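Open the model in your viewer and switch to a cartoon view. This tour goes from one selection to the next and says what is there.

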Amino acid sequence: MDQLQKTFLTKIALNEKTAYALNDDLAAHPEISGAEFRSVKEIIAILKTKEIDVTENVADLPTAFIAHVIKGQKTQPKIGILMEYDALPEIGHACGHCASGSLSLLAALTLKEMATEVNASIDLIGTPNEEATGDKITMAKAGVFDEYAFVIMIHMNSDQTWPACRFLALSEIKATFSGQPAHAAAAPWQGKNALNGAMLACHAIDMARQQMKDGSRIAYILPQGGNASNVIPDKAELIINMRHPNKYDLAQNFAKVIKCLNGAALATETTMTYEKTGADFDDMNLNAPGIAAIDEIMTAINLPHCDEPLGNATGSSDIGNVSYVCPAFHPMIAISDHWFSLHTKEVATIMQTPTKIHPVILAGAKVIGLFILKTLNDQNLMADIQIAFKDSLKK
């Protein structure tokens with residue numbers, strides 16, 4: 001390690017208690033996506049006690065902010081530390097955002113202690129609503145991430161720590177079939193069965209799926225299919241969820257699904273319209289040089305880790321969209337010694353157990369801080385990160 005990294009490890013103790021207290025407070029007062037008003041108020045209060053300027057209502061989002069931790073020169077790199085703090089309905093912080101947000105804060109506050117020695121601009125970026133519609137997407141479309149050399153955050157995992165995490169690209173639509181009602185016994189020939197259109201579309205999608213590339217995932221539900229069994233349904237709705245390891249193959253699958261929907265409507269003499277249920281989530285645009293450096297950092301601090309198992313990607317996150325705007329890093333950190341699913345009570349319980357989660361917050365903050373300092377000290381590494389990112393967009 002260079003001297004700046006050693007200094008970081010020394011100074012991190014100055015703000016440990018602040019970060020732990022924030023986690024414990026957020027875990028005890030969870031707020032759902034888009035309504036993190038109390039959480040943001042508490043975070044901003046901490047930042048202001050450290051004399052850090054904060055820009056609120058970023059991208060017209062009331063719970064998004066940018067804290068200007070270190071204001072460097074325009075010629076120096078600009079680096080963003082992402083911070084999440086939303087919880088899940090009823091179950092609370094069952095994804096661990098209270099801890100991931102707190103470790104981001106700890107890394108940022110420690111770097112603030114070294115402001116005169118850090119030749120960069122460092123921002124702590126509050127990104128709300130990850131669990132629902134993904135406001136990082138809104139922020140990315142507003143240009144929030146355009147000028148960053150890279151951004152980084154760390155998420156909780158059950159029993160394994162990974163230097164990087166793959167995410168699936170996701171697109172979801174609601175398709176509505178419209179037909180003509182008629183009495184199902186007296187004059188069925190007068191009807192045009194919207195439910196038949198929706199069901200035929202389901203069969204067509206299932207058949208088309210056989211020719212889709214490996215990793216394709218499509219699921220659907222039928223939330224509306226008629227109101228009475230003796231009436232030809234004149235309206236039926238399908239919600240179709242599509243995922244793939246990369247957004248380009250997902251776009252091809254999307255086109256195939258639309259053909260299935262149109263074909264089913266044609267065959268049943270119904271009409272079909274569709275709309276997106278929310279913004280598309282991109283896959284994670286992985287950056288090999290940066291991931292390798294994070295791996296080295298984890299080894300240097302004796303943090304047990306491994307690569308994410310191949311084929312293990314099952315979820316989606318709005319940081320994927322950010323990763324196509326600037327290099328983005330999203331390691332996962334273990335919170336236990338055994339596997340369990342996230343979004344469960346077990347995660348929420350660990351978040352409220354200081355002896356278990358505080359060491360995780362400390363380790364995660366070290367990874368973020370040491371990685372940032374490594375990129376600033378190694379110009380070749382920073383250049384390689386930018387080259388790899390530009391090459392990924394060309395591909």
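**Stop 1: a four-stranded sheet.** This is a predicted model. Begin with the open sheet of four strands, ordered S8-S9-S7-S10 and paired in the antiparallel sense. Select 217–224 for S8 and 271–276 for S10; these are the edge strands, and each pairs on one side only. Look at how the strands cross: neighbours in this sheet are turned by 20° against each other on average, direction ignored.

Now add S9, residues 235–244. S8 and S9 are joined over six bridges, in the antiparallel sense. Which residue of S9 is the bridge partner of Ile218? Show Met242 and you have it.

**Stop 2: the helices on this sheet.** Select 247–268. This is helix H7, which packs on the sheet and touches S7, S8, S9 and S10. Its direction makes about 10° with that of S7. Next select 194–208, helix H6. H6 lies across S7 (169–178), S8 and S9, and runs at about 20° to S9.

**Stop 3: a six-stranded sheet.** Move to the other open sheet, with strand order S1-S2-S4-S3-S5-S11 and mixed pairing. Its edges are S1 (53–56) and S11 (328–329), each paired on one side only. Select 65–70 and 121–126 together. These are S2 and S4, an antiparallel pair with five bridges. Show Ile66 as sticks: opposite stands Ile125 in S4.

**Stop 4: the helices across it.** Helix H4, residues 97–112, lies across S2, S3 (78–83) and S4. Against S3, H4 runs at about 145°. Then select 354–377 for helix H11. H11 lies across S3, S4, S5 (150–152) and S11, at about 165° to S5.

**Stop 5: the cores.** Show side chains. The largest nonpolar core has 71 residues. Which of them touch the most other members? Select Leu47, Ile122 and Met351. H11 supplies the largest share of this core, twelve residues. A separate core of 25 residues lies apart from it, with Ala208, Ile240, Met242 and Phe254 among its members. Met242 is also the residue that bridges to Ile218.

**Last stop: Leu47.** Centre on Leu47 and leave aside its neighbours within four places in sequence. What is Leu47 in contact with? Select Ile52, Val54, Phe65, Ala67, Leu105, Leu109 and Leu124 to see its partners.

Technical notes
Residues are numbered from 1 along each chain as its sequence is written. This is a predicted model: local features need pLDDT of at least 70, side-chain atom pairs count only at pLDDT 80 or more; totals for chains, interfaces and linings use all residues. Side-chain values use heavy atoms; hydrogens and water are left out. Two strands pair if DSSP finds at least two bridges between them. Helices (H or I, at least four residues) and strands (E, at least two) are DSSP runs, numbered from the N terminus. Contact means heavy atoms within 4.5 Å. Axes are lines fitted to C-alpha atoms, for helices over the stretch in contact, and angles run from 0 to 180 degrees between N-to-C directions. A nonpolar core is a set of buried Ala, Val, Leu, Ile, Met, Phe, Trp, Tyr and Cys residues joined through side-chain atoms within 4.5 Å. Buried means under 20% relative accessible area, exposed over 50%, partly exposed in between (1.4 Å probe, protein chains only).
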